[in-house]
There are 2 protein chains.
Amino acid sequence: MKPTAKQVAHAVGVSIAAVSRAFTPGAPIDQEKRKMILAAAEEIGYISPARRTANVVSAGTVTLVAGSLHNPFYPLVVDTLARQLQESDRRLLVYALPADSNVDTITEQILAARPSAIIITSAYLTSNMARACRQHQIKVVLLNRIQRDIRVNAVSCDNYQGGRDAGRLLLDRGYQRIGLIGGISNTSTHTERVRGFRDVLAEAGKTFHAQASGDYNYEVAKTAAVKMLSSANSPNAIFCCNDIMALGAIDAAREKGLRIPNDLAVIGFDDIPMASWSSYCLTTIRQPVERMVQEALSLIDDPTVKAGDDGSTRMLSGNLIVRHSV
Amino acid sequence: MKPTAKQVAHAVGVSIAAVSRAFTPGAPIDQEKRKMILAAAEEIGYISPARRTANVVSAGTVTLVAGSLHNPFYPLVVDTLARQLQESDRRLLVYALPADSNVDTITEQILAARPSAIIITSAYLTSNMARACRQHQIKVVLLNRIQRDIRVNAVSCDNYQGGRDAGRLLLDRGYQRIGLIGGISNTSTHTERVRGFRDVLAEAGKTFHAQASGDYNYEVAKTAAVKMLSSANSPNAIFCCNDIMALGAIDAAREKGLRIPNDLAVIGFDDIPMASWSSYCLTTIRQPVERMVQEALSLIDDPTVKAGDDGSTRMLSGNLIVRHSV
DNA sequence: TCAGCTCCTGAAACTTTTTCATTATGCTAT
DNA sequence: ATAGCATAATGAAAAAGTTTCAGGAGCTGA
């Protein structure tokens, strides 16, 4: 038997009309009374019809908070997510963050839409927002981001292992002067990839021959690569923390007349569509986007995963895709 | 006096229950009868309560139907749209169409969410869907698409003029053997750009020196360019109907040892971020994405533009961005 | 032909919203 | 102080809308 307004009215000792008003924003009713009614309604499990239809609309909606879509990896995520949601008859709500801002700037806006689940990628989850989500019973999943200070659910490629794989390949191929172009230094993707790469080099008794920051940006990485390749005794292999930087490095090398991979080997990370373009044939670590998105959604769908709980991290291994740039 | 279900019921000659059912998805009612009721309701101006509350919820949400996000131009649109909507406290709902399918495959899904406005880009609006939207009082705006058979609102870059500008530049620079790599032939972007380009050449008494289809795809365009450049007496300038194809053409030329622009001039269309990468420095026609999105939203916000009305087309001029590929 | 089935329907029961008359409350001008 | 007035909150009842239910129409297969 479905709970009705009548039951709530009886429990609180008011008229049915009062219950209806309690659920209507702007209706003339005492705030104290409204609170009591809302509390009683929650206890009994009564949901007003208006709220019911609103729920139906928002139930099938997953919210994605993305950073800039300039790195082609993220459109890939959006695309995959949208498709997978469509298959299960759900919708995708997208927020794009202004460059280098954190989630807080639009937290209120996001919460106002009362989403039932949020996927955050390429942006920091602040403890502020984490608390708000916990309070509102909203599930949060970090995608391609890991954050140690806030214990929330996260899905990520095994960036450490990916970094190791990249390093191992370069070592196996016998490259001696190995350089690194890093991403944005306070991101988990950057630190983990670098750590994996460094560890495997260290195990072989090697260190970086050269090192620079590329800011996860084509132009910055290209400039860094030019500089790196201009030095005497320049590296003959470079690991770039993502693909667009790797493309920048390749273009830099070509401008200097170096041939890939004969004069310089380049390896990237992500496997964006451009990596397979025949001009680049970039060797890279493929992030299993399809499966990452699947995992993120399964975390959201899993009823045993509660909104307020401390989360776990699901780590998926990437695939070394060997093309011709190494 | 607000229109009621009773009036509708009376007008059609059915029970009030039937009217209620007509507005409830999945309720058992004859489709013919539902249509009649919906039509009468529209005439009388009756809106079901569920629809009414749903409207409030979805009022701040704009739906975008995009094709594949593989062409970097579309992530640009998504990004811009998301930001502009955020500024006015609204949300963006994204649908991604599986490659080469039309809107019909997800029409029902889209309509089930009861959007108040839809922006369609990179996908055909079928008359089917147009009719459905008209029935549900949903505003539709085509972005970067024009369709002559269905009169709906559209915002587009002036592709014809852009094609002309491209042609003029090549003529002014004195190129004699001019080739064309087209996009997908039944899109308005393709036909208009080609038409403008062809017209300006014709006015100078010239025709295409070579012509091929690149399918709006890097690899296809690159292959086409290789073939085009292998023929005896190959073109020394190529207009590509969008930027990724132009990048393909440049890469093809370089593989054949040609230098840009000395041996081959290439001009694209869109001005995607990669066009400005220093390896390409692609000369191209910039689509004014920011303003296109603005116009699309202003069409949606303009209360004098009615959902069911025949629409108008707003044409914005593109900008010729001269870099070093011509 | 007819039982069995599905699908559709209006009446009626039920739920919720809205209207309306009433009361309570507080403020102002005398 | 207190009459006069405006405002807000309330329940009863009317109105509006949804859901249930019993039946009827049409189809199908024995």
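This note comments on a predicted model, beginning with DNA strand D and moving on to chain B and one residue of chain A.

1. Surroundings of DNA strand D. In total, 18 residues surround DNA strand D. The closest are A:Ser15, A:Arg21 and A:Lys33 from chain A, together with B:Ala5 and B:Ser20 from chain B. Sorted by class, the surface near this strand holds eleven nonpolar, three polar and four charged residues.

2. Which parts of the DNA face the protein. Of the atoms of DNA strand D within 4 Å of the protein, 70% belong to sugar or phosphate. The rest belong to bases.

3. Contacts to phosphate. A:Lys33, one of the closest residues, has a polar side-chain atom 2.8 Å from a phosphate oxygen of DNA strand D. B:Ser20 likewise places a polar side-chain atom 2.8 Å from a phosphate oxygen of that strand. For B:Tyr46, the distance from a polar side-chain atom to a phosphate oxygen of DNA strand D is 3.4 Å.

4. Helices at the DNA. At least two residues of the surface near DNA strand D are supplied by helix 2 (16-22) of chain A, and at least two by helix 2 (16-22) of chain B. The largest share, four residues, comes from helix 2 of chain B.

5. Strand 5 of chain B. This element spans residues 153-157, and five of its five residues are buried. Both faces are covered: B:Asn153, B:Val155 and B:Cys157 lie on one side, while B:Ala154 and B:Ser156 lie on the other.

6. Partners of strand 5. Strand 4 (residues 139-143) of chain B pairs with strand 5 of chain B in the parallel sense over three bridges. Within this pairing, B:Leu143 has B:Val155 as its bridge partner. Strand 5 of chain B is also joined to strand 11 (residues 313-316) of chain B, again in parallel, by four bridges. Here B:Cys157 is matched with B:Leu316 as bridge partner. The residues B:Val155 and B:Cys157 that take part in these bridges are both buried and lie on one side of strand 5.

7. The six-stranded sheet of chain B. Six strands of chain B form an open sheet in the order 7-6-8-9-10-12, with mixed pairing. Its edges are strand 7 (210-213) and strand 12 (319-321) of chain B, each of which pairs on one side only. On average, neighbouring strands of this sheet are turned by 15° against each other, direction ignored.

8. Details within that sheet. Strand 9 (residues 265-270) and strand 10 (residues 283-286) of chain B run parallel and are joined by four bridges. The bridge partner of B:Asp270 in strand 10 is B:Arg286. Helix 10 (residues 218-230) of chain B lies across strand 6 (178-182), strand 7 and strand 8 (237-240) of that chain. Relative to strand 7 of chain B, helix 10 runs at about 155°.

9. A:Thr187. This residue sits in the loop between strand 6 (178-182) and helix 9 (188-203) of chain A. A:Thr187 counts as buried because its relative accessibility is 5%, and the cut-off for that class is under 20%. Its side chain reaches the backbone oxygen of A:Ile184 at 2.8 Å. The side chain of A:Thr187 also makes a polar contact, at 3.3 Å, with the side chain of A:Thr189. Leaving aside neighbours within four places in sequence, A:Thr187 is in contact with A:Tyr124, A:Arg145 and A:Tyr216.

Note on methods: Residues are numbered from 1 along each chain as its sequence is written. Chains are lettered from A and ligands numbered from 1 in the order in which they are written. This is a predicted model: local features need pLDDT of at least 70, side-chain atom pairs count only at pLDDT 80 or more; totals for chains, interfaces and linings use all residues. Side-chain values use heavy atoms; hydrogens and water are left out. A residue is near a molecule or strand if one of its heavy atoms lies within 4 Å of it. A polar contact is a pair of N or O atoms within 3.5 Å; within protein, one must be able to donate a hydrogen and the other to accept it, and residues adjacent in sequence count only if both atoms are side-chain atoms. Ala, Val, Leu, Ile, Met, Phe, Trp, Tyr, Cys and Pro count as nonpolar, Asp, Glu, Lys and Arg as charged, and the others, Gly among them, as polar. Buried means under 20% relative accessible area, exposed over 50%, partly exposed in between (1.4 Å probe, protein chains only). Two strands pair if DSSP finds at least two bridges between them. Axes are lines fitted to C-alpha atoms, for helices over the stretch in contact, and angles run from 0 to 180 degrees between N-to-C directions. Contact means heavy atoms within 4.5 Å.
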